[in-house]
Every structure is written in C-alpha cells, then in structure tokens.
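Visitor: Please show the structure, and then let us discuss how the ligand is held and how the protein core is built.

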Amino acid sequence: MLVENSRPIILTGDRTTGSLHLGHYAGSLKNRVALQHTHRQFVLLADAQALTDNIADPEKVRRNVLEVALDYLAVGIDPDETTICVQSALPALAELTQLYLNFVSVSRLERNPTIKDEIQLRGFGRDIPAGFLCYPVAQAADITAFKATVVPVGQDQAPMIEQTNEIVRRINRQIGRALLPEATALIPATGRLPGVDGKAKMSKSQGNALPLSAAPDEIRAFVNRMYTDPNHLRASDPGTVEGNVVFTYLDAFDPDRAAVDELKERYRRGGLGDMTVKRRLDDLLQELLRPIRERRAAFADDPGYVLGVLRSGTAKARAKTQSTFDELRDGLGLFSFDKIA
Ligand code: TRP
C-alpha cells in the first residue's frame, strides 16, 4: 500500500438529482471502487451544482443527497478509503467559485460544448440561469479545492477539465508559482452504456435506465425490453451484433470474453435466438446487482450510520478545501485579518 500522502488525489462527484443507475456503475462507480485503494479519493455529493438546473425543486435535490450516498456505499465505496462529502456544506467551494469567475470570460463559458448541448436539451433559450452557465467554474473550484490531479468522468465532462486547467494556468501565472495542480480526466475506454432502447446514453430522464436498486423482476423486464436487431426475426436468421444493446451490455459486464465472442459468432451466422442471449445477460445482471441491492437496503435501514459517514467526510473535506482557499488568498495577496502586521 502507498503512503497516504504520496497517493495521487482523485475528486469526482455526482449531481444529486436522482439515484444512480447501471450506466453510472459501468462509467464511473466501478472505477472508483478500484481506485480508492491506490489514490486519495474524494467524492462529492454535488447538490449545489444540481440546483443550477433544478432550482424549482430543491426538495428533490435534498432528498437525493442521501439516495446517492446509499448508492455509493452499496457499490462498495468504502468510507475508510474514500472521503464522501456534501458540496453545499463546503463554503470554501463557493468562495473559490466567486474568485475563479474573475478568471473566465462570459464568451468562454458560452463556448463550452457540453454547456451548449445541455442548454439545448433543457430548452433554456435565452433564459439561461447564470448559475448554470457558470457551473463549469464551480466544478473547477471543486477539483482544485482538493488539489485533485485525476478526475474520473464521462466523455461529456472533458470540457470541464479543460476549463479547469485554463483557470489553473491563469491563477498560477498571476501568483508566479504552481500553487494549483492541473488535472487529467480519466475517461472510461468503453464509452457510455446505451439505454435499453439503444439510445446513446442511459439516463433516468429518458426513461431508459436501470436503477442500481432494481428488483429481480425489474432487471428481467429491462433485459427483455432491450433493443436487438430488428431484422433478426427467427433464431435461424443471421443477426447483427453492432448496435445490438444486449451484446453491448455483455461486452461491458461479461467477464468471459471467449464465451461472448463465440455467442457473437453464432448470432452472426444464424442459429442463436435473442432470448438465449438475453437470458445470459439477465443472469449476469442479477448476480451483479443482488449484493448491491441487499447492501443498499441494509444501509437504508441505518440512516444514522450514513449521516455519520457524510458528517465526518464533510468535516475532513472542509479542512482540505478551506486550506486551499487560504493559500490562494495569500498567494494572490488578498486582504486577511490574520496577515496584518
Ligand atoms: N458535473 C458532474 C456530473 O454531471 C458532477 C460533478 C460536480 C463533478 N462536481 C464535480 C464531477 C467535480 C467531477 C468533478 O455528474
């Protein structure tokens, strides 16, 4: 095991707008469970960021802080290895955001490709909440407050890391030394898991996601609904594997590569029915999700424990983020009562 302080620092987070699903598991949670042993990992329950496009429903954002925390614990994020903290309870993040906003132009914010897509998707038109437009700056505050150098995120978040590093370089130039480290995005090679309908992205709002807490019959129904090859009408017909959601999932979850390759081969040739492949995937997902569902239920029965985890994680994160803010304040030469001679 590495010495605590020589471990690279990871910061990731999730908006608390709903409980997490299988796409989150494949895209980042699984990675976090593995990385927590070799890195110093902080995970942020990003409730403040969630408000930037959910201000009409703060109750949803609040409720899901606990739901997402349960998902974390259920998949095996271990509070002894990973610091789990609540964003809105870390005032230094808001202070850093305010400071960083001076290092970014509005036109730069408007050029962020992910923000552009999200503005379209949410139909904001010209009425973009300023907090939403600026959330990449808040995210730069999140990342740098922990001095994270590794940020495991999906491909869509790459522009946020770029934006972060631009701010970091500007600040370091102004201070005259590398006070803040630049960060690297760790993007999963497998790409995003498609939804049950074959749409590019699994997302709760699209109604094509499988929650991590899904019951056995929900898992089965999800697999049975999966988009396959519409031209593969009879088992004896040759079928297409590309874009076939069942095979995409087998690629993501089946540890037996050779068996999957053989199934693909038989499917292409003809003679393999959709139901046979779906049954294999159902078995795999049932096995993957059963322990997660059971652990989640056990943690949900002990909210005192979960709150304790969040409370101590947030206290630890508060010290870390405040110390970064203090360093920056002094580095930039801002007013401080402590520094009056
Ligand atoms: N924007 C991320 C998402 O869409 C959540 C997030 C907030 C985050 N702060 C972060 C991710 C810092 C990585 C680092 O889920």
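**The ligand shell and the core**

Visitor: By class, how is the shell around the ligand made up?
Guide: In this predicted model, the residues surrounding the ligand include Leu11, Ala46, Gln49, Asp142 and Val153. Sorted by class, the shell has five nonpolar, five polar and two charged residues.

Visitor: Which element gives the most to the shell around the ligand?
Guide: Two elements, strand E1 (9–15) and helix H8 (135–145), each supply at least two residues of the shell. The greatest contribution, four residues, comes from strand E1.

Visitor: How far is a nitrogen atom of the ligand from an N or O atom in the side chain of Gln49?
Guide: A polar contact requires a pair of N or O atoms within 3.5 Å. A ligand nitrogen lies 2.9 Å from a side-chain N or O atom of Gln139, and a ligand nitrogen lies 3.0 Å from one of Gln157. For the side chain of Gln49, the corresponding distance is 2.7 Å.

Visitor: What share of the ligand's exposed area does the protein bury?
Guide: The reference is the ligand taken alone, which exposes 370 Å². Of that area, the protein buries 89%.

Visitor: Which helix gives the most to the largest nonpolar core?
Guide: The largest nonpolar core has 47 residues, of which Leu22, Leu45, Tyr72 and Tyr249 touch the most other members. This core draws at least three residues from each of domain 1 (4–191 + 302–339) and domain 2 (216–297). The helix that gives the most, with eight residues, is H3 (residues 58–75).

Definitions and conventions
Residues are numbered from 1 along each chain as its sequence is written. This is a predicted model: local features need pLDDT of at least 70, side-chain atom pairs count only at pLDDT 80 or more; totals for chains, interfaces and linings use all residues. Side-chain values use heavy atoms; hydrogens and water are left out. A residue is near a molecule or strand if one of its heavy atoms lies within 4 Å of it. A polar contact is a pair of N or O atoms within 3.5 Å; within protein, one must be able to donate a hydrogen and the other to accept it, and residues adjacent in sequence count only if both atoms are side-chain atoms. Accessible areas come from the Shrake-Rupley method with a 1.4 Å probe; for residues, only the protein chains shown count as cover. Ala, Val, Leu, Ile, Met, Phe, Trp, Tyr, Cys and Pro count as nonpolar, Asp, Glu, Lys and Arg as charged, and the others, Gly among them, as polar. A nonpolar core is a set of buried Ala, Val, Leu, Ile, Met, Phe, Trp, Tyr and Cys residues joined through side-chain atoms within 4.5 Å. Buried means under 20% relative accessible area, exposed over 50%, partly exposed in between (1.4 Å probe, protein chains only). Domain bounds come from an automatic or database domain assignment.
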